[in-house]
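Hello,

Here is the structure I promised to send over. Please have a look at it first, and then read on for what turned up in it.

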Amino acid sequence: MLKIAFHPIYKHPLPEGHRFPMEKYDLLPKQLLHEGTCEEANFFEPSFPDESDILKVHEEDYFSRLKNLELTKKEIRVSGFPLSRALVNREQIIADGTIKACHYALDHGISMNIAGGTHHAYSDRAEAFCLLNDQAIGARYLQARGLSKKILIVDLDVHQGNGTAEIFKNDDSVFTFSMHGKGNYPFRKEESDLDIELPDGTGDKKYLQKLKETLPELIDETKPDFIFYLCGVDILETDKLGRLSCSINGCKERDRFVLQTCYDLGIPVECSMGGGYSKDIKLIIDAHANTYRLAQEIYF
């Protein structure tokens, strides 16, 4: 069975007019249930992870100040969210969703987190709606328990996974691959193990061609025993922050290729949703829902 991490805390109240589409975390599971892609049994509710697993990724001083709501005004501004106890709880529960999803991926080949993909969180700071790096925490969790020796992070969000690159920059056991918009945020990028920078207006054909010629060869070279897939839908032409000009069908074909590749090679994959900022919330939900539809189609 496809297992999906979801908790009501994922939909966090924000000030009116805030640009982050928080409502998608409430609407996406409802859509999956409404259309019959998923049943209630597909969902599981995460809680709080062991803090020792967070501290395998994030510096103790940063995490302590985050928990105690002691970040500076500048740090809070850079995070993109007003700081609160509820927000900090939310970020920890998202990370636990990814941790628990890793076990389901090992058991069933794939698992999902309705939220997550917080790839801008550095080891020592928050950035761009990301406070704790859920997939980095999941990766270190697996390795600390001897459940994985070589991990590949496939980050196809439109923005570079700069925090993830920083966290694993000296760790040969985790290979970071980010394919993102060249002219997009972050404007000062980190160095992943493999960065593919795409120009504005790339479109479906060139995007999919580059992915298809890169991913199988990369997997063959790195030989991962576990993959984290960050499947942001901000590559869409309708995305306010994207600019890569991919169609919703192109985004779906991207997901199909990644998931089919993982399935064919028998490599467990955990999927965290990442970004999506189209003006029409229905487009965001449909694009994210495609990932779940494909997971059901390919795996189950």
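Between helix 3 (60–67) and helix 4 (73–79) there is a loop, and L69 sits in it. Please keep in mind that this is a predicted model. Although L69 is not a glycine, its phi is positive, at about 60°. Is L69 buried, partly exposed or exposed? With a relative accessible area of 35%, L69 is partly exposed.

R243 tells a similar story in another loop. R243 is found between strand 7 (226–230) and helix 9, and R243, which is not a glycine either, has a positive phi of about 85°. Its relative accessibility is 37%, so R243 counts as partly exposed.

There is one more backbone detail to look at. Y185 and P186 are joined by a cis peptide bond, with omega about -5°. P186 belongs to the loop that runs between strand 5 (174–181) and strand 6 (194–198). As background for these three places, most peptide bonds are trans, and most residues other than glycine have a negative phi.

While we are on loops, G17 is in the one between strand 1 (3–5) and helix 1 (24–34). G17 counts as exposed because its relative accessibility is 75%. Along the chain, G17 and S84 are 67 residues apart, and their C-alpha atoms are separated by 18 Å.

Now to the helices. Two packed helices are described by the angle between their axes and by the distance between those axes. Helix 9 (residues 248–265) packs against helix 10 (residues 281–299) at an angle of about 30°, and the axes are 9 Å apart. Helix 9 and helix 10 are therefore roughly parallel to each other, and their crossing is right-handed. On the helix 9 side, the residues that meet helix 10 include I248, K252, D255, R256 and L259; among those they meet in helix 10 are L283, D286, T291, L294 and I298.

Helix 9 has a second partner in helix 8 (residues 203–222), where the packing angle is about 15° and the axes are 10 Å apart. That angle makes helix 8 roughly parallel to helix 9. The crossing of helix 8 and helix 9 is right-handed. Helix 8 contributes residues including Y207, L208, L211 and L215 to the contact, and helix 9 contributes residues including G250, F257, V258 and L265.

L259, from the helix 9 side of the contact with helix 10, comes up again in the core. Which residues touch the most other members of the largest nonpolar core? They are I114 and L259, in a core of 91 residues. Leaving aside residues up to four places away in sequence, L259 touches I110, Y229, V269, C271, T291, L294, A295, I298 and Y299.

Finally, the cysteines, which may matter to you at the bench. How many disulfides does a search of the whole structure find? The search finds 0. C38 is in no disulfide, and the nearest cysteine sulfur, in C271, is 12 Å away. C38 counts as buried because its relative accessibility is 3%. Why does C271 not form a bond with C231? The C231 sulfur is the closest cysteine sulfur to that of C271, but at 4.9 Å it is too far for a bond. C271 also counts as buried, at 0% relative accessibility.

Best wishes

Key: Residues are numbered from 1 along each chain as its sequence is written. This is a predicted model: local features need pLDDT of at least 70, side-chain atom pairs count only at pLDDT 80 or more; totals for chains, interfaces and linings use all residues. Side-chain values use heavy atoms; hydrogens and water are left out. A nonpolar core is a set of buried Ala, Val, Leu, Ile, Met, Phe, Trp, Tyr and Cys residues joined through side-chain atoms within 4.5 Å. Buried means under 20% relative accessible area, exposed over 50%, partly exposed in between (1.4 Å probe, protein chains only). Contact means heavy atoms within 4.5 Å. A disulfide is a pair of cysteine sulfur atoms within 2.5 Å. Axes are lines fitted to C-alpha atoms, for helices over the stretch in contact, and angles run from 0 to 180 degrees between N-to-C directions. Helices (H or I, at least four residues) and strands (E, at least two) are DSSP runs, numbered from the N terminus. Angles under 35 degrees count as roughly parallel, over 145 as roughly antiparallel, 65 to 115 as roughly perpendicular and the rest as oblique. A crossing is left-handed if the near helix is turned anticlockwise from the far one by less than a right angle, and right-handed if clockwise.
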